[in-house]
Amino acid sequence: MVVEILKHLHNNGRNERLCFWRNHTGWEIDLLIDTGKFTIPVEIKAGQTIQSDFFRNLSYWQQLSSIDKGFLIYGGNEPQIRSGGIKLLPWYRSTDALEML
């Protein structure tokens with residue numbers, strides 16, 4: 001997923017910076033998209049069925065950063081919007097996150 005997002009950015013002449021975050025206690029975010037104005041967290045999960053623990057790291061990041069946006073890319077088929085500003089995207093629409101920034 002990260003390579004697809006990186007490829008999309010490059011092919012569209014965009015320069016958002018991508019990175020990974022993990023702290024010493026094990027909290028992590030799979031992908032952070034730095035637009036220069038704000039940083040958006042993205043979690044990537046292979047599961048097709050959404051589980052509450054999919055949101056754990058995103059919720060923690062939102063508490064730390066006071067950012068009320070985020071994306072969860074998952075193995076399912078339906079885009080959704082959840083509380084806390086989290087947008088769920090099916091894996092095949094992962095680059096839609098970049099268009100929503």
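User: What area does the protein chain expose, and how much of it do carbon and sulfur atoms supply?

Analyst: This is a predicted model, so take the values as computed ones. The protein chain exposes about 6,000 Å², and 48% of that comes from carbon and sulfur atoms.

User: What makes the protein chain as compact as a globular protein of its length?

Analyst: Start with what it is built from: three helices and six strands, running α-β-β-β-α-β-β-β-α along the sequence. The radius of gyration is 13 Å, and the globule rule gives 13 Å for 101 residues, so the chain counts as being as compact as a globular protein of that length. If you'd like a box to go with that, the C-alpha atoms fill one of roughly 35 × 30 × 20 Å along the principal axes.

User: How many of the contacts join residues at least 24 apart, and what share of the residues is buried?

Analyst: Take the contacts between residues at least 6 apart in sequence: 43% of them join residues at least 24 apart. As for burial, 35% of the 101 residues make the cut, the test being under 20% relative accessible area.

User: How do you know which face of α1 is lined by its buried residues?

Analyst: Helix α1 covers residues 2-11, and its buried residues are I5, H8 and L9. Look down the axis of α1 and they fall within an arc of 100 degrees, so they line one face of the helix. On the other side, V3, H10 and N11 are exposed.

User: What do the buried residues of α1 pack against?

Analyst: Their partners are strands β1 (17-22), β2 (28-34) and β4 (70-74), along with helix α3 (96-99). Packing here rests on contact, that is, heavy atoms within 4.5 Å.

User: Why is S66 called exposed?

Analyst: The cut-off for exposed is over 50% relative accessible area. S66 has 68% relative accessibility, so it counts as exposed. You'll find S66 in the loop between α2 (56-65) and β4.

User: What is phi for S66, and which residue after α1 has a positive phi?

Analyst: For S66, phi is near 60 degrees, which is positive in a residue other than glycine. The residue following α1 is G13, with a positive phi near 65 degrees.

User: How many charged side chains are there, and how far apart do the centres of the two sets lie?

Analyst: The protein chain has 11 positive and 11 negative side chains. The centres of the two sets lie 2 Å apart.

How values were computed:
Residues numbered from 1 in each chain as written. Predicted model: local features only at pLDDT ≥ 70, side-chain atom pairs only at ≥ 80, totals over all residues. Heavy atoms only, no water. Helix = DSSP H or I, 4+ residues; strand = E, 2+ residues; numbered from the N terminus. Rg over C-alpha atoms; globule rule 2.2 N^0.38 Å. Buried < 20%, exposed > 50% of the residue type's maximum accessible area, 1.4 Å probe, protein only. Areas by Shrake-Rupley, 256 points an atom, 1.4 Å probe, with all protein chains shown as cover. Lys, Arg positive; Asp, Glu negative; His and termini not counted. Charge placed at Lys NZ, Arg CZ, Asp CG, Glu CD. Arc of directions from axis to C-beta.
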